[in-house]
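Please work through the following exercises with the sequence and the structure at hand. Each exercise gives a task and then a solution in steps.

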Amino acid sequence: MEKERLVIVGSGPAGHTAGIYAARANLAPLMFEGFMAGGVAAGGQLTTTTDVENYPGFPEGVDGTKLTELFRAQSARFGTRILTETIETVDLSKRPFHLRSSEREVAAEALIIATGATAKRLHIAGEDRLWQAGISACAVCDGALPMYRDKVLMVIGGGDTAVEEATHLTKFGSKVLVVHRRHELRASKIMQQRLLANPKVEMVWDSVVEEALGEGVLQALRVRNVKTNLTREIAAGGLFYAIGHVPNTEFLGRQLTLDETGYIVTRPGTTQTSVAGVFAAGDVQDRVWRQAITAAGTGCMAALEAERFLHEHTV
Ligand code: FAD
Ligand code: NDP
C-alpha cells in the first residue's frame, strides 16, 4: 500500500488552498479530487455557478468553473498530485490513517478533509418520477436546457442560492416563481434587490411545494400556503431546489465528531477534529459562513496545522 505524508480529500477552494500551502511546504500532498462525488464535479460547488463577484482579485467577477480551474492549476504547479477518485471509506482508528477509493488504498500520516457540501432535495410526492424531467437541484447547470425555455419555472428557497438561481432562470423562462416558506429572504440584500427588481420574478411567500404533477415531464406543482393552509395547483415546466446543502461526511462513518446535521466539529479557532492528525476545512466544517473565501482561509489553516503536526509527530 502507498504511504503518504499528507492526503487531502476534496477539491474546492478549501482543498486546493490546502494543496498550495502544503506543496509549498514540501509535503508533496496527494489530493483525491472526487469523481462526481456527491453529484458535484471535481472543483466543487463553484463549478455549478456562473459569476463569482465577491472573491478578491477579480474586480470584474470570474466564472465559477474558471476560478476552480485556476485553483487546481495553482495547486498542481507547486506539486500537489491529484487523483480523480472519490474516497469511499476511511479507517481513522490509528495512524497512519487508511483511505480507500474505488481504485486503491492509501495510508496517510496526516489528513485534511475538505469535501464540502451537496445540494439538498425535498423528496416531495412525484419527485423521484420527475427528477431531471423538470426537477433539478442546479439551475445554473440545467436552466439553459431546451425543456425549460419559455416555461414558467419555480425555485424553492430564500437564500443566496435561490436568489441567484432564480435570477439566472429569468434568462430562459417566461416567468420565475420563487416559493419561500417565510415572508423574508435570508439572501444578501444586494442580491435580493436585484431579484425583486426583475419584472419576470414573482414571489410566492409563506408557501411550500407538496407535490410535483405531470406525465413523463413536470407540468404543475401543488403549493400550500402555510398561513391559510389553502392549496393550489400552479402550472410550471421546471422546479429547482435551492434549499441549502448537506455536508459530505457520510464516507467518514462517524469516526469524527459531527454536529447534529453532519458537519465536522472542529476545535474553535483551529481546523483540528476529534482525531489528532485529521484536519477539516471549508464547508464540511462550516455551517455559518460557507463562502469560497472562508473555505480557502480554513484550507490554508489546515495545511499549516498539518505541517506543524507532521513536524511534531513523525510515525
Ligand atoms: P466544495 O466547493 O463543496 O468542494 C468539495 C469537493 O470535494 C466536491 O465538490 C467533490 O468534488 C469533492 N469531494 C466530496 N466528497 C469527496 C470524497 N469522498 N472523495 C473525494 N472528493 C470528494 N461562495 C462565494 O464566496 N461566492 C459565490 O459567488 C458563491 N456562489 C455560489 C453559488 C452556488 C450555486 C453555490 C452552491 C455555492 C456558492 N458559493 C459561493 C459557496 C461556495 O461555492 C462554497 O462555500 C465553497 O465552494 C466551499 O468550498 P469547499 O472547498 O469547502 O467545498
Ligand atoms: P441557505 O442555507 O442560506 O438557505 C437555504 C434556504 O432554503 C433558506 O431560505 C431556507 O428557508 C430554505 N429551506 C431550507 N430547507 C427547506 C425546506 N425543507 N423547505 C423549504 N425551504 C427550505 O443555503 P444557500 O444554498 O442559499 O446558501 C449557502 C451558502 O452559500 C450561504 O452562506 C450563501 O451566502 C452562500 N452563497 C453565496 C452566494 C453569493 O455570494 N453569490 C451565492 C450562493 C450561495 P429559511 O430561510 O426559512 O431557513
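The exercises below concern a predicted model, and they treat its ligands, a pocket and several individual residues.

**Exercise 1. The surroundings of ligand 1**

Task: Determine which residues come nearest to ligand 1, and how much of the area of ligand 1 the protein buries.

Solution:

Step 1. Begin with the shell. There are 37 residues around ligand 1, and the nearest are Ala14, Gln45, Asn54, Asp283 and Ala292.

Step 2. Sort the shell by class. It holds 16 nonpolar, 16 polar and five charged residues.

Step 3. Look for polar contacts with the backbone. A backbone N or O atom of proline 13 lies 3.2 Å from an oxygen atom of ligand 1. For aspartate 283, the distance from a polar backbone atom to an oxygen atom of the ligand is 2.8 Å. For arginine 290, a polar backbone atom is 3.1 Å from an oxygen atom of ligand 1.

Step 4. Turn to the area. Ligand 1 taken alone exposes 1,000 Å², of which the protein buries 94%.

Step 5. Place the shell on the fold. Two elements give two or more residues to the shell around ligand 1, namely helix H1 (13-24) and helix H7 (292-312).

**Exercise 2. The surroundings of ligand 2**

Task: Describe which residues come nearest to ligand 2, and state which helix gives the largest share of its shell.

Solution:

Step 1. List the nearest residues. Of the 20 residues around ligand 2, these are Asp160, Thr161, Arg182, Arg186 and Gln291.

Step 2. Examine the side chains. A polar side-chain atom of arginine 182 is found 2.7 Å from an oxygen atom of ligand 2. An N or O atom in the side chain of glutamine 291 is 2.9 Å from an oxygen atom of the ligand.

Step 3. Examine the backbone. A polar backbone atom of arginine 290 lies 3.4 Å from an oxygen atom of ligand 2.

Step 4. Consider the area. Ligand 2 exposes 920 Å² when taken alone, and the protein buries 80% of that.

Step 5. Identify the helix. Helix H5 (residues 160-169) gives three residues, the largest share of the shell around ligand 2.

Step 6. Sort by class. The shell contains five nonpolar, nine polar and six charged residues.

**Exercise 3. Arginine 290**

Task: Decide whether arginine 290 is buried, partly exposed or exposed, and locate it in the chain.

Solution:

Step 1. Locate the residue. Arginine 290 sits in the loop between E19 and H7.

Step 2. Apply the cut-offs. Buried means under 20% relative accessible area and exposed means over 50%. Arginine 290 has a relative accessible area of 38%, so it is partly exposed.

Step 3. Inspect the backbone. Phi of arginine 290 is near 45°, a positive value in a residue other than glycine.

Step 4. Recall the ligands. Arginine 290 has a polar backbone atom 3.1 Å from an oxygen atom of ligand 1, and a polar backbone atom 3.4 Å from an oxygen atom of ligand 2.

**Exercise 4. The second largest pocket and threonine 298**

Task: State how much space lies in the second largest pocket, and decide whether threonine 298 is buried or exposed.

Solution:

Step 1. Give the volume. About 220 Å³ of space lies in this pocket.

Step 2. Characterise the lining. It is made up of five nonpolar, four polar and three charged residues, and among them are Asp259, Tyr263, Trp289 and Thr298.

Step 3. Locate threonine 298. This residue lies in helix H7.

Step 4. Judge its accessibility. Threonine 298 counts as buried because its relative accessibility is 15%.

Step 5. Find its side-chain contact. The side chain of threonine 298 reaches the backbone oxygen of alanine 295 at 3.0 Å.

**Exercise 5. Residues far apart in sequence**

Task: Find the distance that separates the C-alpha atoms of alanine 18 and alanine 302.

Solution:

Step 1. Place alanine 18. It lies in helix H1, and it is buried because its relative accessible area is 0%.

Step 2. Read the distance. The C-alpha atoms of alanine 18 and alanine 302 are separated by 6.4 Å, although the two residues are 284 residues apart along the chain.

**Exercise 6. A cis peptide bond**

Task: Name the residues joined by the cis peptide bond that involves proline 96.

Solution:

Step 1. Locate proline 96. Its place is in the loop between strand E6 (87-91) and strand E7 (97-101).

Step 2. Identify the bond. The cis peptide bond runs from arginine 95 to proline 96, with omega near -5°.

Methods: Residues are numbered from 1 along each chain as its sequence is written. Chains are lettered from A and ligands numbered from 1 in the order in which they are written. This is a predicted model: local features need pLDDT of at least 70, side-chain atom pairs count only at pLDDT 80 or more; totals for chains, interfaces and linings use all residues. Side-chain values use heavy atoms; hydrogens and water are left out. On a 1 Å grid over the protein atoms alone, a cavity is a set of points where a 1.4 Å probe fits but cannot get out, and a pocket is an open set with protein on both sides within 12 Å along at least five of seven lines; lining residues have an atom within 4 Å of a point. Grid points are joined across faces, edges and corners, and a volume is the space filled by probe spheres set on the points. Ala, Val, Leu, Ile, Met, Phe, Trp, Tyr, Cys and Pro count as nonpolar, Asp, Glu, Lys and Arg as charged, and the others, Gly among them, as polar. A residue is near a molecule or strand if one of its heavy atoms lies within 4 Å of it. A polar contact is a pair of N or O atoms within 3.5 Å; within protein, one must be able to donate a hydrogen and the other to accept it, and residues adjacent in sequence count only if both atoms are side-chain atoms. Accessible areas come from the Shrake-Rupley method with a 1.4 Å probe; for residues, only the protein chains shown count as cover. Helices (H or I, at least four residues) and strands (E, at least two) are DSSP runs, numbered from the N terminus. Buried means under 20% relative accessible area, exposed over 50%, partly exposed in between (1.4 Å probe, protein chains only).
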